[in-house]
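Good morning, and thank you for making time for this presentation. I would ask everyone to look at the structure while I speak.

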Amino acid sequence: RKFDMADGLQQLEFIPGAAGHLKGNELWFGSTSGLVVVNVADYVPREYAPPVVFAEVITTHSKNGIQHENSFFPKQEEPVVLNHGVNTIRLQFAVLNLMQSDKNNYAYRVEPTMDTWINLGDRRNLTLTHLDPGEYRILVKGANPDGVWNENYSTLLLVIRPALWQTAWFKLGVIILLCVSIYLIYRWRLARVKAQNRMLERVVKDRTTEIAKERDEKAVLLKEIHHRVKNNLQIISSLLSLQSRFADDPKIENLFLESTNRVQSMSMIHEKMYRSENLKEINLQQYIRELVHALVEAYNVNRKVDVEIEVNVERFAVDTLTPLGLIINELVSNTLKYAFKGRDKGRIFLRLEKGDGADYHLFLGDDGIGFNEEDIREGAFGTELVEDLATQLKGSIERLDTDEGTTFHLVFENVDSH
């Protein structure tokens with residue numbers, strides 16, 4: 001403890017080292033004004049520590065760039081509620097001890113931000129700055145001049161209200177507004193995408209309708225073309241057949257018959273195309289069967305001819321089928337003319353199949369007497385025509401060596417695939 005004139009001292013200036021013990025409990029000290037004797041038995045420390053009371057609350061806040069100050073007296077056991085925007089809070093308090101009050105000491109603690117007590121000495125005020133919104137407990141305790149602390153500290157509940165944008169309701173509202181905005185944007189985008197899809201669907205539908213209409217018109221036109229070509233070929237065939245009746249020479253009559261058959265083989269293709277739903281392709285097996293049987297009837301050989309046909313390819317388009325049909329026409333015609341001389345029956349076989357690669361194979365033969373040199377010379381035009389047509393199909397044809405009859409082997413490609 002410190003002693004001063006309030007404790008009875010005449011002055012506060014003493015000579016360093018000038019002190020001693022007289023007798024009993026008496027001590028002497030040398031001062032600039034004389035000798036000072038103190039009886040320590042007369043000093044009794046005060047055990048009572050008075051309570052602390054909060055005297056005043058002073059706040060400052062800024063408005064339009066100007067600092068404003070406000071002060072009020074807090075009510076005991078009632079919280080101090082302040083709005084957002086307070087810059088500083090100054091608390092003034094005092095120990096209820098009027099004797100040597102300037103020697104009272106103070107300490108404080110702010111919960112929940114502080115865990116230890118802060119000693120203020122004899123300073124009776126506390127300044128807090130820029131507190132975040134929330135609740136705070138200001139704890140203050142005091143000590144008497146003899147250093148005895150009152151552990152029953154005084155408490156001031158301080159509440160800082162949050163700004164509107166700091167409240168939970170505002171944050172929740174912002175989250176809800178954001179979610180609603182995202183949902184509305186999503187719905188708008190979804191509606192826009194659906195509208196675009198509907199527009200595209202209309203465009204595609206209209207265009208599909210136009211294409212279908214154009215396709216149908218072209219299909220009708222192509223069918224009409226095939227029909228007209230077929231009719232013209234039939235007219236040519238009829239003219240050739242009519243002209244052949246006036247031929248006196250059997251060779252010339254035979255030439256007319258061959259030409260008529262060639263025209264009919266082409267006419268038959270256009271007939272099939274006209275009646276087919278798919279204008280690009282026709283049924284290959286049906287066409288070959290009808291072609292071969294028509295040739296057998298045309299030559300009227302007055303003998304029984306068995307025809308065996310095996311077709312393992314479904315379809316060819318016109319670019320391949322036309323030369324192939326002419327080749328079959330020539331080979332079957334030559335077979336009917338030369339293979340069965342002097343015989344009352346015969347057999348013709350035809351096999352068409354797909355090769356390992358891009359090639360196709362046609363085997364056409366008979367069990368007749370075979371060709372001789374005279375037959376080859378008579379059918380020279382037909383032989384050259386077959387070779388030219390084979391070249392047109394990017395292929396070749398050869399006559400195979402067999403024990404009986406004659407067999408031709410044609411290797412060719414589907415020229416429509418190029």
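I shall begin with the protein as a whole, then turn to its sheets, its loops and its salt bridges.

Please keep in mind throughout that this is a predicted model. The protein has 418 residues, and 34% of them count as buried. Its secondary structure comprises six helices and 19 strands. The exposed surface amounts to about 26600 Å², with carbon and sulfur atoms supplying 53% of that area. How do the contacts spread along the sequence? If we take the contacts between residues at least 6 apart in sequence, 63% of them join residues that are at least 24 apart.

Let us now consider two of the sheets. One is an open sheet of four strands, and its order is β5-β4-β7-β10. The pairing in this sheet is antiparallel. At the edges stand β5, residues 66-72, and β10, each of which pairs on one side only. From one strand to the next, the twist averages 20°. Within this sheet, β4 covers residues 52-63 and β7 covers residues 86-95; the two strands run antiparallel and are joined by nine bridges. For a point of orientation, please find V52, which stands opposite V95 in β7.

The other sheet is also open, and it contains five strands in the order β6-β12-β11-β8-β9. Here the pairing is mixed. Which strands form its edges? They are β6, at residues 80-82, and β9, at residues 118-121, and each of these pairs on one side only. The twist in this sheet averages 25° from one strand to the next. Strand β11, residues 134-143, and strand β12, residues 154-160, run antiparallel and are connected by seven bridges. Across this pair, Y136 stands opposite L158 in β12.

I turn next to the loops, where three backbone details deserve attention. The peptide bond between E111 and P112 is cis, with omega at about 10°. P112 itself lies in the loop that runs between β8, residues 105-111, and β9.

The next detail concerns H130, whose phi is near 50°, a positive value in a residue other than glycine. H130 is placed in the loop between β10, residues 125-129, and β11. Is H130 buried or exposed? Its relative accessible area is 60%, so H130 is exposed.

The remaining backbone detail is at K394, which is not a glycine and yet has a positive phi of about 60°. K394 is found in the loop between α6, residues 380-392, and β18, residues 396-400.

Finally, I come to the salt bridges. How many are there in this model? The count comes to six. I shall describe some of them individually.

In one of them, the side chains of R137 and E111 meet, with an N to O distance of 2.4 Å. This pair links distant parts of the chain, since R137 belongs to strand β11 and E111 to strand β8, 26 residues apart. R137 has a relative accessibility of 33% and so counts as partly exposed. E111, at 22% relative accessibility, also counts as partly exposed.

Another salt bridge brings together the side chains of E151 and K141, at 3.5 Å from N to O. Because E151 lies in the loop between β11 and β12 while K141 is in strand β11, the pair ties together parts that are 10 residues apart in sequence. What of the accessibility of K141? Its relative accessible area is 11%, so K141 is buried.

A further salt bridge forms between E353 and R351, where the closest N and O atoms are 3.5 Å apart. E353 has a relative accessibility of 25% and therefore counts as partly exposed. R351 is partly exposed as well, with a relative accessible area of 28%.

Salt bridges can also share partners: in this way R109, E111 and R137 are joined into one network. Two of these residues have already appeared in this talk, namely E111 and R137, whose side chains meet in a salt bridge. E111 is also the residue that a cis peptide bond joins to P112.

That brings me to the end of the presentation. Thank you for your attention.

Methods. Residues are numbered from 1 along each chain as its sequence is written. This is a predicted model: local features need pLDDT of at least 70, side-chain atom pairs count only at pLDDT 80 or more; totals for chains, interfaces and linings use all residues. Side-chain values use heavy atoms; hydrogens and water are left out. Buried means under 20% relative accessible area, exposed over 50%, partly exposed in between (1.4 Å probe, protein chains only). Contact means heavy atoms within 4.5 Å. Accessible areas come from the Shrake-Rupley method with a 1.4 Å probe; for residues, only the protein chains shown count as cover. Two strands pair if DSSP finds at least two bridges between them. Axes are lines fitted to C-alpha atoms, for helices over the stretch in contact, and angles run from 0 to 180 degrees between N-to-C directions. A salt bridge is a side-chain nitrogen of Lys or Arg within 4 Å of a carboxyl oxygen of Asp or Glu.
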